Amino acid sequence: VDIKKITIKKGLGKNGEIDKIDYVEINMGDIVSIVGPTGSGKTTLINDIALFAYQNTPTNRTILINDDIPSSDFICDPSKNPIAYITQHTNFLSDLPVQSFLMIHADIRKTGNSQSIVEETLDFANQLTGESINPESQMTELSGGQTRSLLIADAVIIGNSPIILLDEIENAGIHRTKALDLLRNYKKIFIFVTHDPRITLLSDFRIIMENGAINKLIITDNLEKKAVSYISRLDDILLDLRSKIRAGDIIRYEYILDMLNFNQIKEGVLL
Ligand SMILES: Nc1ncnc2c1ncn2[C@@H]1O[C@H](COP(=O)(O)OP(=O)(O)OP(=O)(O)O)[C@@H](O)[C@H]1O
Ligand SMILES: [Mg+2]
C-alpha cells in the first residue's frame, strides 16, 4: 500500500473529556512530535496509532490510513504492517551477533543485496550513536544508545517502514540534530514522543497532550525554527560537559562561559 496520510479521529481523555482536535492529519514526509507532561497520554496516543485503533482502545480513537479503515492485513501479517514502533523500553532478546541479526532481517526482507544493506544500516546507526557498534558484539551486549540507534537504522533501512514511531529517544544518548537531519532524507512519516526541545522544534508540528486528551496542535513557525540553532548550541555544551565528566575531567565555570561565548549569545536566548 502506498501510504499518503494517517488521520487520528478524536476520542476521549482520561476523565472522558473529548480530544479538542477533531482530526489530526499526518502526511507522508511529516515529522511530528507528541509532547505533554508525564502521564498525559503520549504513549497511549502512539499506541493507538501502532494498533490502528478503531474505537477498540480505552481512548475510543480511530486511526485512518489514506482516509480509510486500515486493511486487516496490516495487523495480521507482520510483513505487510507499514509501522515500525520503537518503544520506551525496547530491548533485544536475541543474543546473535549484530552482523548475523541484521543479515537475517535483510535476507527476509529481500530488499536488495543483503551485505550492502547491512553495511548501510550499521553506518546509519553509527552516525546516530556516540559509541560505534561492533558488528561482532551480541545484540544483548549493546548499550541503550546503541540499541535505539540500531533499531532506528534497522526500521528505516532494512525494514523500509513508511511509518516510524519512536517513544522517547532522548535518554538513549543519540545525536538528535544529526538524527533528524538523517531522517529528513527518507520520505517517511516519523512520530516522536519527546520531551526534547530540539526534536520538537525540528518537527513540522506538535501534538500537545493533557490528561489523556489531545489538547492542541502547534505548527512550528519560522521564529521557532530560528530558536533551534541556539538550543543546539546549549545542548552541544551539555553533551560536551557530559563527556568531560565521563572522562574524569574537572569542570570550571570559566570553561562554560567561554563555551557559551556569552556576549554573542546573550541577545539571543540567555537574557
Ligand atoms: N485517553 C485515555 N483514556 C484512558 N486512559 C488513558 C488515556 N490516556 C492515557 N491513559 C492512561 O494514563 C496513564 C498514563 O498514560 P501514558 O503512559 O500514555 O502517559 P505518558 O504521557 O506516555 O507518560 P510518560 O511521560 O511518563 O511516559 C496510562 O495508564 C494510560 O493507560
Ligand atoms: Mg510514555
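How many aromatic pairs does the count come to? The count is three aromatic pairs, where rings of Phe, Tyr and Trp (its six-membered ring) pair if their centres lie within 6.5 Å. This is a predicted model, in which local features need pLDDT of at least 70, side-chain atom pairs count only at pLDDT 80 or more, and totals for chains, interfaces and linings use all residues. Residues are numbered from 1 along each chain as its sequence is written, and side-chain values use heavy atoms, leaving out hydrogens and water.

**View 1. Phe124 meets Tyr186 edge-to-face.** The ring centres are 5.8 Å apart, with 70° between the planes; edge-to-face means planes over 60 degrees apart, stacked under 30, and tilted the rest. Phe124 sits in helix α4 (residues 114-128) and Tyr186 in the loop between α6 (176-184) and β7 (189-193), so the pair links parts of the chain 62 residues apart. Helices (H or I, at least four residues) and strands (E, at least two) are DSSP runs numbered from the N terminus. Phe124 is buried at 4% relative accessible area, while Tyr186 is partly exposed at 25%. Buried means under 20%, exposed over 50%, and partly exposed in between (1.4 Å probe, protein chains only).

**View 2. Phe190 and Phe192 are stacked.** Their ring centres lie 6.5 Å apart and their planes are at 20°. Phe190 is buried at 0% relative accessibility, and Phe192 is buried at 1%.

**View 3. Helix α3 has its buried residues on the same side.** These are Val98, Leu102 and Ala106. They cover an arc of only 55° around the axis, taken from the directions from the helix axis to the C-beta atoms.

Definitions and conventions. Chains are lettered from A and ligands numbered from 1 in the order in which they are written.
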